[in-house]
Amino acid sequence: MTTTLITNISSLVTNDPAQGDGTALGLLTDAAVVLDGETVAWVGPAAKAPAADTTHDAQGKAAIPGFVDSHSHLVFAGDRTQEFNARMSGRAYSAGGIRTTVAATRAATDAELEANVVHYLREALRQGTTTFETKSGYGLTTEDESRALRIAAAHTDEVTYLGAHIVSPDYAEDPAAYVDLVTGEMLDACAPHARWVDVFCEKGAFDGDQARAILTAGKAKGLHPRIHANQLSYGPGVQLAVELDAASADHCTHLTDADVDALAQGNTVATLLPGAEFSTRAEWPNARRLLDAGATVALSTDCNPGSSFTSSVPFCIALAVRDMGMTPDEAIWSATAGGAKALRRDDVGTLREGTRADLALLDAPSHVHLAYRPGVPLVSEVWRRGVRQG
C-alpha cells in the first residue's frame with residue numbers, strides 16, 4: 001500500500017496520553033502522522049518522522065482525529081420548518097412532533113430516503129465527521145423500520161434499531177400491542193440489519209417497564225442497548241441504561257445525584273446532545289457535574305429534522321464549552337474519543353499506530369479554535385480511511 005506522511009502540523013490531538021504532553025489529549029506540537037492504507041502507521045514529532053511514499057504539507061494547521069458522531073437520525077423525509085418556527089415563537093417542545101416525520105417517511109421511496117442519508121453524511125463529512133451512528137425510528141411499521149435499517153447499513157456499520165421512538169400512531173389506543181410488535185415481528189425483521197437497539201424512554205413515549213422489555217428483547221437477538229434517557233424530565237432511563245450495560249445513555253439533561261453516581265460507576269457513556277437544547281430552548285445538560293463525578297462523556301449532534309437539525313460537531317463543541325461547563329480540551333475529547341467509547345470502538349477517535357486513518361485539518365493553529373471561533377468553517381481537509389476527501 002502507498003504510505004503518506006502528513007507533516008508540518010502545528011498541533012496534533014492524538015487522544016493518546018502516551019504521546020506529547022501526557023494529558024488525555026496527548027497533544028503534540030510540530031507533529032507528523034504517517035498513514036499506511038486505511039490505518040495510522042506512525043505518530044510523533046515532525047523532526048523524527050520516517051520516510052513515506054508521498055508527503056502532504058499541512059502548512060501549519062492543527063490536526064484532530066475525525067469526529068465520531070454517535071447519535072443521529074438520518075433516515076427520514078419531510079420538513080418541520082413550521083414546527084421549529086412555532087417553537088421559536090413560544091410553543092413548547094414535546095415528543096409528539098415525530099409523527100409528522102413518520103408520515104413523510106412512510107410516503108417516501110427508498111431512493112428518496114437514501115438520497116437524504118447521503119446528503120447529510122456528505123454534509124457531516126465536510127465538517128470533519130468520519131464515523132457516525134444512525135437510527136431508524138421514523139417508519140414505525142415492520143416494513144418501514146426494516147427498510148430504514150437496510151438503507152442505513154449501506155453507509156455505516158453503526159446502525160441502531162429504534163422502532164421504539166414513539167408509539168406508532170396506528171397503535172395510539174393500544175400501546176401494549178405496539179410494544180409486542182417492536183419486541184416481536186418488527187425486531188425479527190430489523191435485527192439482521194442493526195448492531196444496536198434503542199428506545200425513547202420519556203413521558204409521551206415509553207415508560208421504564210416498556211423500555212426494559214424492548215431493550216431486553218433486543219439483547220436476546222444480539223443487539224446491544226443504547227437509550228434516549230432523561231431528556232425532557234427526570235425518569236428511569238439512566239438507571240436502566242447502567243443496569244443493562246447500555247453503551248450510552250443519550251441526552252442526560254435531567255439527572256439526580258443517583259443518576260450521576262450510576263454513570264460514574266458504570267460502563268455507560270453519557271452522550272450529550274447540545275443541538276437539541278439549542279433548537280428547543282431547553283435546559284442545558286450539566287457536563288461539568290458529570291465530568292467532575294468521573295463519568296465518561298460523549299458529544300454528538302442528534303441530527304434529526306425535529307429537535308436538532310444540525311450535522312455540525314464543531315457547532316456542538318462550541319455550545320458545550322459556552323453553555324455546558326466543558327473546557328475546549330474536554331469537548332474535543334468527547335466529540336472524538338468519547339464518541340468512540342459510546343460506540344464501544346477503540347479503532348476510531350484516536351490517532352495512534354494501528355487506529356483507522358481518520359483525521360481533520362483545521363484552518364487554525366489549535367483545536368481550541370473550534371470553540372474560540374464558533375460558526376466559522378475551520379475544517380479545511382478531511383482524511384477518511386487514509387483517503388483525502390474531495
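**Rings, cores and buried residues**

Visitor: Why is Phe76 called buried?
Guide: Its relative accessible area is 1%, and buried means under 20%, so Phe76 counts as buried. Bear in mind that we're looking at a predicted model.

Visitor: How many aromatic pairs are there by the rule used here?
Guide: The count comes to 7.

Visitor: What makes the pair of Phe76 and Phe309 edge-to-face?
Guide: Look at the angle: their planes stand at 75 degrees, with the ring centres 5.9 Å apart. Centres within 6.5 Å make a pair, and planes over 60 degrees apart make it edge-to-face, so both conditions are met here. The pair also links distant parts of the chain, 233 residues apart. Phe76 is in the loop between E6 and helix H1, while Phe309 is in the loop between E14 and H12.

Visitor: Why is Phe309 called partly exposed?
Guide: Its relative accessible area is 40%. Partly exposed is what lies between the 20% and 50% marks, so that's the label Phe309 gets.

Visitor: What makes the pair of Tyr120 and Phe309 tilted?
Guide: Here the centres are 5.5 Å apart and there are 55 degrees between the planes. Under 30 would be stacked and over 60 edge-to-face, so this pair lands in the remaining class, tilted. Tyr120 lies in helix H3 and Phe309 in that loop between E14 and H12, so the pair ties together parts 189 residues apart in sequence.

Visitor: And Tyr120, how do you know whether it's buried or exposed?
Guide: Its relative accessibility is 13%, and the cut-off for buried is under 20%, so Tyr120 counts as buried. Phe76, Tyr120, Tyr138 and Phe309 together form one aromatic cluster.

Visitor: How do you know that the charged end of Arg226 sits over the ring of Trp196?
Guide: That charged end is 4.3 Å from the ring centre. The distance limit is 6 Å, with a limit of 35 degrees from the ring normal as well, and Arg226 is counted as sitting over the ring.

Visitor: Why is Arg147 called buried?
Guide: Its relative accessible area is 8%, against a cut-off of under 20%, so buried is the right word for Arg147. You'll find Arg147 in helix H4. Leaving out residues up to four places away in sequence, Arg147 touches Thr105, Arg106, Ala108, Thr109, Asp110 and Leu113.

Visitor: What makes the backbone oxygen of Thr105 and the side chain of Arg147 a polar contact?
Guide: The oxygen lies 2.8 Å from a polar atom of that side chain. The limit is 3.5 Å, so the distance fits.

Visitor: How do you know that Gln210 is buried?
Guide: Gln210 has a relative accessible area of 19%, and under 20% is buried, so Gln210 passes. Gln210 lies in helix H7 and, neighbours within four places in sequence aside, is in contact with Pro175, Val179 and Ala205.

Visitor: Which residues have the most contacts inside the largest nonpolar core?
Guide: Tyr161, Phe206, Ile227, Leu263, Leu290, Leu299 and Ile317, in a core of 86 residues. Its largest share, 5 residues, comes from H3. There's also a second, separate core of 16 residues, with Leu28, Val33, Val43 and Ala63 among them.

Notes:
Residues numbered from 1 in each chain as written. Predicted model: local features only at pLDDT ≥ 70, side-chain atom pairs only at ≥ 80, totals over all residues. Heavy atoms only, no water. Helix = DSSP H or I, 4+ residues; strand = E, 2+ residues; numbered from the N terminus. Buried < 20%, exposed > 50% of the residue type's maximum accessible area, 1.4 Å probe, protein only. Contact = heavy atoms within 4.5 Å. Phe/Tyr/Trp six-rings, centres within 6.5 Å; stacked < 30°, edge-to-face > 60°. Core = buried A, V, L, I, M, F, W, Y, C linked by side-chain atoms within 4.5 Å. Polar contact = N/O pair within 3.5 Å; in protein donor to acceptor, adjacent residues only side chain to side chain.
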